[in-house]
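The following exercises concern side-chain contacts and one helix. Please examine the sequence and the structure before attempting them.

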Amino acid sequence: MSNKFDRMTIIVHLPAYREPELIPTIESALENAKYPERIHFGICRQFHPDDDFDNIDRYRTDDRFKIKDIPYKEAKGLAYARGIINDELLTDEDFLCQLDSH
């Protein structure tokens, strides 16, 4: 018999400014989760177009990922990125985990 706890989700709140550890952080969260299908990600990616280390294109078609891209010249810091995630990327997850990607 299923209960509400079997369906609960968590969103990993992840601001990232030109962050080389963004991909390893995502991969680690998914690899270490007992139920990776229930982990969602809210990512504010502040990027430089020449950087390859934080390219998250492979996750864009995955419904668990909500991504906001901001060119690095328009970045306004950690609090701004967290605000973007809160205002635009949070949906109906049951829990929230705030992380930095490093």
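## Exercise 1: A network of charges

In this predicted model, Asp 69 and Arg 60 form a salt bridge whose closest N and O atoms are 2.9 Å apart. Determine which residues are joined into one network by salt bridges that share partners.

**Solution.**

Step 1. Asp 69 has a relative accessibility of 28%, so Asp 69 is partly exposed.

Step 2. Arg 60 also forms a salt bridge with Asp 57, with 2.8 Å between the closest N and O atoms. Arg 60 is partly exposed at 34% relative accessibility, and Asp 57 is partly exposed at 46%.

Step 3. Through shared partners, salt bridges connect Arg 45, Asp 54, Asp 57, Arg 60 and Asp 69 in one network.

## Exercise 2: A salt bridge across the sequence

Establish which parts of the chain are tied together by the pair Glu 27 and Arg 58.

**Solution.**

Step 1. A search of the whole structure gives nine salt bridges. One of them joins the side chains of Glu 27 and Arg 58, at 3.2 Å from N to O.

Step 2. Glu 27 belongs to helix 1 (residues 22-32), whereas Arg 58 is in the loop between strand 2 and strand 3; the pair therefore ties together parts that are 31 residues apart in sequence.

Step 3. Glu 27 has a relative accessible area of 30% and is partly exposed.

## Exercise 3: Aromatic rings

Identify the residues that ring pairs link into a cluster.

**Solution.**

Step 1. The whole structure contains two aromatic pairs. In one, the ring centres of Phe 41 and Phe 65 are 4.6 Å apart and the planes are at 10°; because planes under 30 degrees apart count as stacked, this pair is stacked.

Step 2. Phe 41 is in strand 2 (residues 39-47) and Phe 65 is in strand 3 (residues 65-71), so this pair ties together parts 24 residues apart in sequence.

Step 3. The rings of Tyr 59 and Phe 65 also have centres 4.6 Å apart, with planes at 25°, so they too are stacked.

Step 4. The cluster consequently comprises Phe 41, Tyr 59 and Phe 65. Tyr 59 is buried, with a relative accessible area of 10%, and Phe 65 is buried at 7%.

## Exercise 4: The faces of a helix

Do the buried residues of helix 2 line one face of the helix, or where else do they lie?

**Solution.**

Step 1. The buried residues of helix 2 are Ala 81, Arg 82, Ile 84, Ile 85 and Leu 89.

Step 2. Viewed down the axis of helix 2, these residues fall within an arc of 150°, so they line one face.

Step 3. Ala 79 and Asp 87 are exposed on the other side of helix 2.

Technical notes. Residues are numbered from 1 along each chain as its sequence is written. This is a predicted model: local features need pLDDT of at least 70, side-chain atom pairs count only at pLDDT 80 or more; totals for chains, interfaces and linings use all residues. Side-chain values use heavy atoms; hydrogens and water are left out. Rings of Phe, Tyr and Trp (its six-membered ring) pair if their centres lie within 6.5 Å; planes under 30 degrees apart count as stacked, over 60 as edge-to-face and the rest as tilted. Helices (H or I, at least four residues) and strands (E, at least two) are DSSP runs, numbered from the N terminus. Buried means under 20% relative accessible area, exposed over 50%, partly exposed in between (1.4 Å probe, protein chains only). The arc is that of the directions from the helix axis to the C-beta atoms. A salt bridge is a side-chain nitrogen of Lys or Arg within 4 Å of a carboxyl oxygen of Asp or Glu.
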